[in-house]
Amino acid sequence: MAIKDYIRERFFPQMWCPGCGHGIILNGLIKAVEELGLNKNDIVMVSGIGCSARISGYLDFHTMHTLHGRALAFATGIKMSRPELNVLVPMGDGDALAIGGNHFIHAARRNIDMTAIVMNNRVYGMTGGQYSPLSGYGTLATTAPYTNIDHPFDVVDLAVAVGATFVARSTTYHIRQLTDLIKKAITHKGFSVVEILSQCPTYYGRKNKEGNAYEMMELMKQTTTPVGSEAKKQNHDLIETGVFVETDKPEYCTEYDKIIERAKKDN
Amino acid sequence: MNEKIIKFVQGNEACVEAAIYAGLGFFAGYPITPSTEIAELLSVRLPQTGGKFLQMEDEIASICAIIGASLTGNKVMTATSGPGFSLMQEALGYAVMAEIPCVIVNVQRGGPSTGNPTHVSQGDINQARWGTHGDHSIIVLTASNHQDVFSITVDAFNMAEMYRTPVILLFDEVVAHLREGLTIPEKGALDIVDRLKTSVKRGVDFHPYLPREDGRLPMSDFGGIHRYNVTGLFHDMWGFPSSDPKVVHGLLRHLVDKIENNVYDISRYKEYFLEDARTIFVSYGSSARSALHVVKNRRARGERIGLLELQTLWPFPAGIVREKCSEAQCIIVVEMNMGQVLQQVKTAVDNPDKVFLANRIDGELITPTDIRNIMRLIQGRGV
Ligand SMILES: Cc1ncc(C[n+]2csc(CCOP(=O)(O)OP(=O)(O)O)c2C)c(N)n1
Ligand code: SF4
Ligand SMILES: [Mg+2]
């Protein structure tokens with residue numbers, strides 16, 4: 001199928017700024033779904049609130065645009081009711097890890113089979129460039145005019161620590177890798193996290209003098225390296241990309257089916 | 001033939017049995033006194049019926065999960081008390097806006113804050129009406145005894161489907177924890193409203209937010225044959241966000257009118273000795289038990305006194321209250337708060353000066369003696 005078979009043209013033009021990384025993620029996600037040969041009718045996309053969260057409206061899946069931070073909780077109700085569906089949950093960094101941090105760690109802990117995609121632009125784009133828990137120490141934001149003193153999460157470390165069974169990272173510069181990782185995450189049975197470093201030229205880029213979208217993506221190329229590479233040993237500041245964890249653990253919906261069997265037998 | 005099942009249970013269990021009777025398929029919750037028994041009992045009962053019970057990380061997650069589950073075609077419920085109910089308000093508004101059927105039980109405790117967890121109160125009447133932001137309308141029901149808890153819970157599920165709206169069951173600690181007999185009606189004895197599903201065929205453009213002529217809005221199970229968008233933003237008939245003034249105005253009117261225009265169908269109440277009553281108690285929940293006790297005693301002595309027991313609190317049945325109280329010389333609202341229903345009754349009747357409050361706000365059940373003493377004060381006879 002062509003890209004346009006996956007989108008809702010009625011909804012275009014999209015609302016993102018020129019150069020916003022979120023559009024590249026939309027593109028990679030469509031490619032991933034297409035290459036996996038998934039039926040649009042078998043995909044549910046649940047998003048929260050943010051520039052990132054608007055991704056759901058553009059896609060011709062079953063789409064639910066929910067509340068800031070709560071997408072995983074809504075998605076849990078859907079997945080538990082219809083375990084056969086592929087549930088994709090794109091989230092902004094603030095969405096997933098500030099207001100939604102509690103749902104993020106608990107969904108991962110349960111190992112419920114869904115794909116969380118953290119569209120990490122290190123800023124609250126939608127509300128105009130305030131710092132997020134991913135902005136990082138020493139950055140600037142509209143609410144950190146004297147520099148940010150908040151230390152960031154490492155999304156990958158966090159996801160691993162709380163029990164996600166597939167954890168990966170890519171960037172909008174690495175569109176092929178990004179697509180492959182989303183494919184792997186969707187195929188994985190269990191809670192998958194893919195962090196994708198995205199660019200917000202309008203706020204993060206401007207405030208932190210990282211230049212335009214092109215320059216921001218160039219910077220992503222320079223500051224990242226494949227996981228386990230020699231370069232990382234030389235330069236500890238490099239951000240690793242690739243797959244960090246891929247393990248098996250009892251999946252929540254499957255386990256609940258066993259509960260039903262047990263309850264029916266005991267009754 | 002089904003056999004009648006008679007049980008000796010708490011009000012919370014009556015609610016659980018009724019939810020299952022009504023077809024509950026999914027529950028998510030977080031433990032909180034005095035509602036916890038509902039979650040505990042459902043963790044046993046739901047999987048026995050093939051349904052699903054989830055203990056979530058908090059009340060926000062709980063209500064979000066049931067909203068998601070409802071979209072896929074399930075009948076859903078969550079249960080909580082004041083602090084948890086406060087946390088649920090944002091998502092409650094989402095269910096109003098996206099028109100997603102769900103039932104939310106709030107077994108009231110004393111508030112504000114953590115308040116008086118193990119004691120009785122009826123302090124959340126206005127929160128249930130106005131807790132979530134923005135203009136909206138909502139259905140709030142209550143009951144005073146276990147048989148009524150059962151039937152009103154079934155009503156709650158039915159109205160949630162009928163009007164595609166969250167329905168709040170506002171019980172109180174006394175009714176929730178008191179043990180009394182409950183007869184579980186035979187299957188079919190009570191009407192059950194099932195989900196109204198669209199007849200639009202696969203491949204035909206489906207408008208998830210285009211009401212039928214009768215105002216009802218057929219649904220298509222999420223994940224089923226129609227793909228559509230659901231959002232908490234104002235939206236057009238496709239479920240796409242819109243800030244077009246016409247769309248915004250039309251949707252808000254629809255959300256309010258679908259409930260306010262049906263206030264008579266939604267109103268549930270019971271009346272005791274109202275025909276010739278000169279003094280009328282208006283009450284609900286466990287307070288109504290004490291009020292009824294006083295009414296029966298005084299009737300036995302020939303006094304013209306009666307009780308209007310409200311089971312629908314919102315939309316407030318103002319017309320019914322006005323009509324039933326039109327001949328009364330004295331109307332006494334019996335409740336366990338500082339006059340939340342009192343204000344509604346005063347607005348509803350012709351002469352607000354004849355409306356008085358008999359209340360208790362100390363976490364103890366208002367007793368028949370309390371009511372008698374307050375009546376003496378109202379009548380200027382001293383205690
Ligand atoms: C409960 C609540 N609080 C605050 C907001 C306002 N708000 C909307 S989006 C957003 C942050 C968005 O940042 P992020 O999740 O990183 O997504 P981005 O826009 O950067 O893609 C905030 C604070 C809201 N909608 N709801
Ligand atoms: S504000 Fe930033 S995140 Fe939002 S659309 Fe513009 S570039 Fe993208
Ligand atoms: Mg962001």
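**Exercise 1: A helix and what comes after it**

Find the residue that follows α5(B), and say whether its phi is positive or negative.

*Solution.* Step by step, then. Right after α5(B) comes B:Glu99, with a positive phi near 55°. By the way, you're looking at a predicted model, where local features need pLDDT of at least 70, side-chain atom pairs need 80 or more, and totals for chains, interfaces and linings use all residues. Residues count from 1 along each chain as written, chains are lettered from A and ligands numbered from 1 in written order, and side-chain values use heavy atoms, without hydrogens or water.

Next, the helix itself: α5 of chain B covers residues 89–98 (helices are DSSP runs of H or I with at least four residues, strands E runs of at least two, numbered from the N terminus). Of its 10 residues, 9 are buried (under 20% relative accessible area with a 1.4 Å probe, protein chains only; exposed is over 50%, partly exposed in between). Among the buried ones are B:Leu92, B:Tyr94 and B:Met97.

**Exercise 2: Two buried residues in chain B**

Work out which helices hold B:Asp148 and B:Cys15, and what each one is paired with.

*Solution.* Start with B:Asp148, in helix α7 (residues 146–163) of chain B. Its relative accessibility is 10%, so B:Asp148 counts as buried. The side chain of B:Asp148 makes a polar contact with the side chain of B:Lys270, at 2.6 Å (N or O atoms within 3.5 Å; within protein, one able to donate a hydrogen and the other to accept it, and sequence neighbours count only if both atoms are side-chain atoms).

Now B:Cys15, which belongs to helix α1 (residues 11–22) of chain B. Here the value is 0%, and that makes B:Cys15 buried too. The C-alpha atoms of B:Cys15 and B:His146 are 8.1 Å apart, although 131 residues separate the two along the chain.

**Exercise 3: The magnesium ion**

Which residues coordinate the magnesium ion (ligand 3)?

*Solution.* The donors are A:Asp93 (OD), A:Asn121 (OD1) and A:Val123 (O), at 2.0 to 2.1 Å. Donors are N, O or S atoms within 2.8 Å of the metal (3.2 Å for Na, K and Ca); water isn't among the atoms, so sites may look incomplete. Along the sequence, the donor residues follow the spacing D-x27-N-x1-V. A:Asp93 sits in helix α3 (residues 93–97) of chain A and A:Asn121 in the loop between β4 (114–120) and α5 (155–161) of chain A, so this pair ties together parts 28 residues apart in sequence. Both A:Asp93 and A:Asn121 are buried.

**Exercise 4: Two ligand shells**

Describe what surrounds ligand 1 and ligand 2.

*Solution.* Ligand 1 has 18 residues around it (a heavy atom within 4 Å), and the closest include A:Cys51, A:Asp95 and A:Val123. They come from chains A and B, so the site is shared between chains. Then check the oxygen atoms of ligand 1: one is 2.9 Å from a side-chain N or O atom of A:His22, one is 2.8 Å from a polar backbone atom of A:Cys51, and one is 2.9 Å from a polar backbone atom of A:Gly94.

For ligand 2, the surrounding residues include A:Trp16, A:His22, A:Cys51 and A:Asn121. Sorted by class, there are 7 nonpolar, 4 polar and no charged residues (nonpolar: Ala, Val, Leu, Ile, Met, Phe, Trp, Tyr, Cys and Pro; charged: Asp, Glu, Lys and Arg; the others, Gly among them, polar). Helix α7 (residues 201–207) of chain A gives the largest share, 3 residues.
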